[in-house]
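Please look at the structure below and find the metal ions in it. The text then goes through what surrounds them.

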Amino acid sequence: MPEITTPRDLFLHELGDILYVERQLAQHTLPSLIDEVSDEEFRSGLESHLDQTRRHVANVEQVFEIFGEEPKVEKCVGFEGLKAEHDQLVEESSSALIDIVDVGAAARTENYEIAAYEGLRRMAKAMGEDEAVDLLDENLKQEKETLREVEKIATRLSNETAKAAA
Ligand SMILES: [Fe+2]
Ligand SMILES: [Fe+2]
C-alpha cells in the first residue's frame, strides 16, 4: 500500500521536503557559501538571504501547526543533488571562477524553492487553507526577489570574468 494516499498526505510530505531544504540552507549551506565567495555584493546578498531563510524555516513550521502536525523533515533528494553537483564543480574549477559557480548554484536553488512553494501554495489553496497560503506566499515572494538579485549579480560577474580572461 502506498503511504501517501491523500492530497493532505502529499502536501505534508512536500512541506517536510522544503523544511529540510530551508533548515540545511540556514544551518549549513548559506553560511559556508558566505565563507566561499569573494564578491562583496554577492556576499552581502547571501547574508540578507540567510536572515530571510531563518524566517522561511519558522513560516514552514507554522504551516505544519496550522495543519495540526509536528514539523517533520523529509530528506530532499533534489537539494542533495544540487549540493553534490556544486561541490564537484567547485573542486574542478579554478579560484577565479568560484563566484560564478556559486552564483549558478544559488540560482538553481532559488528556482527549486520557487517551484516547491508554487506547488505547496496551490495545494493549500485547493484545500481552503488560506492562512497557510499567506505564509507560503511570504516565502515565495522572497525567493522570487532573491532570484532576480542573483541573476543581476550573475550577469555582472560573467561580464567581468569574460573581460578579465580576454
Ligand atoms: Fe527559502
Ligand atoms: Fe532561497
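The paragraphs below describe the two metal sites and the residues that hold them.

The model is a predicted one. Start with the iron ion (ligand 1). Its coordination comes from Glu-22, His-56, Glu-113 and Glu-143, at 2.0 to 2.4 Å. Glu-22 appears twice in the list of donors, each time through OE, while His-56 takes part through ND1. Glu-113 and Glu-143 each contribute OE. Read along the chain, the donors of this ion have the spacing E-x33-H-x56-E-x29-E.

Now turn to the iron ion (ligand 2). Here the protein donors lie 2.1 to 2.5 Å from the ion. His-49 donates through NE2, and Glu-110 is listed twice, through OE each time. Glu-113 (OE) and Glu-143 (OE) complete the list of protein donors. The spacing along the chain is H-x60-E-x2-E-x29-E for the iron ion (ligand 2).

How far apart are the iron ion (ligand 1) and the iron ion (ligand 2)? The distance is 3.5 Å, and Glu-113 coordinates both ions. In other words, Glu-113 bridges the iron ion (ligand 2) and the iron ion (ligand 1).

Glu-113 and Glu-143 link distant parts of the chain, being 30 residues apart. Glu-113 belongs to helix H4 (residues 98-126), and Glu-143 belongs to helix H5 (residues 130-165).

Are Glu-113 and Glu-143 buried or exposed? Buried means under 20% relative accessible area. Glu-113 has a relative accessible area of 0%, so Glu-113 is buried. Glu-143 also counts as buried, because its relative accessibility is 0%.

How values were computed: Residues are numbered from 1 along each chain as its sequence is written. Chains are lettered from A and ligands numbered from 1 in the order in which they are written. This is a predicted model: local features need pLDDT of at least 70, side-chain atom pairs count only at pLDDT 80 or more; totals for chains, interfaces and linings use all residues. Side-chain values use heavy atoms; hydrogens and water are left out. Donors are N, O and S atoms within 2.8 Å of the metal (3.2 Å for Na, K and Ca); water is not among the atoms, so sites may look incomplete. Helices (H or I, at least four residues) and strands (E, at least two) are DSSP runs, numbered from the N terminus. Buried means under 20% relative accessible area, exposed over 50%, partly exposed in between (1.4 Å probe, protein chains only).
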